[in-house]
Amino acid sequence: MEKYLGCHLSTSDGFESMGKAALSIGANTFAFFTRNPRGGKVKAIDEADIQALINIIDEHGFGKLVAHAPYTLNPCSGKDSVREFARSCMAEDLKRMEYLPGNYYNFHPGSHVGQGSELGIQMIIDTLNEVMWEDQQTVILLETMAGKGSEVGKNFDELRKIINGVKFKDKIGVCLDTCHVSDAGYDVKNDFTGVLEEFDRIIGLDRLRALHINDSKNPMGAAKDRHEKIGDGEIGLEAMLEVVNNPHIVGLPCILETPQDDLEGYVREIEILR
């Protein structure tokens, strides 16, 4: 089965440009922000540009793409205005994703800011049920979080609770971030198989649709979320190779989010992991 490896690419020059950039670095998947990572308005849809990317994807056998919501999106904020931004942003993003059908839309579940995880989880569920519809062609991915502050999604049980409350369960999955789950206390370094077994027991491996492949600057359980280059962090190269070669992972889009100065850093990492 094919390994699908890539990184975040800029949308500034359009969709076809991202496809060409992916090919230039040896990638066969990639991630992109649906809008500025800090929020803001979106560009008008250019259907010809999107079709040009679809042609590249089809010709070169790309895996699924992983669109990423802005970091400012927080559907479980204590502020009505912040929750409304999350709802309207997600609704607009999902409609735009229909022009690039059959791919993934990943988001950070949010921070409950002292309201408690149970209320936070219910707010996330409510937002998802407002923006999802039965015939949408995009699967929404909940990202595993490191557990800093009041983040929701710091363990598999919290993600399971969100999934349980969503109406259209065939449209919801999980993106597992190796740095985040390690920082949250899961032993990616020494027992990734055990991590997947726990994921399967609580959520189900059928829900695992994509990964963020990151080493961590921090030891397991630090709850800090600081990414490191592959092999330079606390998880280490050997464990990262075990992750991407695990039979349950091969075939899923694996997105690098390591700190690099330019795309050349990702060229090297893609070569190592491949």
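This passage walks through the overall fold, the nonpolar core and a handful of individual residues.

The model is predicted, so local features need pLDDT of at least 70 and side-chain atom pairs count only at pLDDT 80 or more, while totals for chains, interfaces and linings use all residues. Residues are numbered from 1 along each chain as its sequence is written, and side-chain values use heavy atoms, with hydrogens and water left out.

Starting with the overall build, the protein chain has nine helices and 10 strands; helices (H or I, at least four residues) and strands (E, at least two) are DSSP runs, numbered from the N terminus. The C-alpha trace spans about 45 × 45 × 30 Å along its principal axes. A compact globule of 274 residues would have a radius of gyration near 19 Å, and the 17 Å of the protein chain agrees with that. The radius here is taken over C-alpha atoms, and the globule rule is 2.2 Å times the number of residues to the power 0.38.

As for packing, 56% of the 274 residues count as buried. Buried means under 20% relative accessible area, exposed means over 50%, and partly exposed covers what lies in between (1.4 Å probe, protein chains only). The accessible surface comes to about 11600 Å², with 46% of it belonging to carbon and sulfur atoms; these areas come from the Shrake-Rupley method with a 1.4 Å probe, and for residues only the protein chains shown count as cover. Contacts (heavy atoms within 4.5 Å) often link distant parts of the sequence: among those between residues at least 6 apart, 76% join residues at least 24 apart.

On the charge side, the protein chain carries 29 positive and 44 negative side chains, and the centres of the two sets lie 5 Å apart. Lys and Arg count as positive and Asp and Glu as negative, with His and the chain ends not counted. The place of a charge is taken as NZ of Lys, CZ of Arg, CG of Asp or CD of Glu.

Now for the inside. In soluble globular proteins, nonpolar side chains tend to be buried together. A nonpolar core is a set of buried Ala, Val, Leu, Ile, Met, Phe, Trp, Tyr and Cys residues joined through side-chain atoms within 4.5 Å. The largest one has 75 residues, and those with the most contacts inside it are Phe30, Phe107, Leu128, Ile162 and Ile213. Leaving aside residues up to four places away in sequence, Ile162 touches Pro109, Ile121, Ile124, Ile125, Leu128, Leu142 and Val152. A second, separate core of eight residues includes Tyr104, Leu141, Ala210 and Ile255.

Leu100 and Ile54 make a handy pair to look at together. Leu100 lies in the loop between helix H3 (80-97) and strand S4 (104-107), and it counts as buried because its relative accessibility is 4%. Apart from residues up to four places away in sequence, Leu100 touches Phe15, Phe32, Ile50, Leu53, Ile54 and Leu65. Gly114, by contrast, is 14 residues from Leu100 in sequence and 37 Å from it in space, C-alpha to C-alpha. Ile54 is found in helix H2 (residues 47-60) and, at 19% relative accessibility, counts as buried. With residues up to four places away again set aside, Ile54 touches Tyr99 and Leu100. Ile54 and Tyr99 are 45 residues apart in sequence, and their C-alpha atoms are 9.8 Å apart.

The loop between strand S8 (215-216) and strand S9 (227-228) holds Ala223, and Asp225 lies in the loop between S8 and S9 too. Most residues other than glycine have a negative phi. Ala223, however, has a positive phi near 55 degrees, and Asp225 has a positive phi of about 60 degrees. Ala223 counts as partly exposed at 26% relative accessibility, whereas Asp225 counts as buried at 18%.

Two more residues round out the tour. Met1 is found in the segment before strand S1 (4-7) and counts as exposed, given its 82% relative accessibility. Not counting residues up to four places away in sequence, Met1 touches Val250 and Gly251. The C-alpha atoms of Met1 and Ala44 are separated by 37 Å, with their positions 43 residues apart along the chain. Ser88 sits in helix H3 and counts as partly exposed at 29% relative accessibility. Ser88 and Asp215 are 127 residues apart in sequence and 33 Å apart in space, C-alpha to C-alpha.
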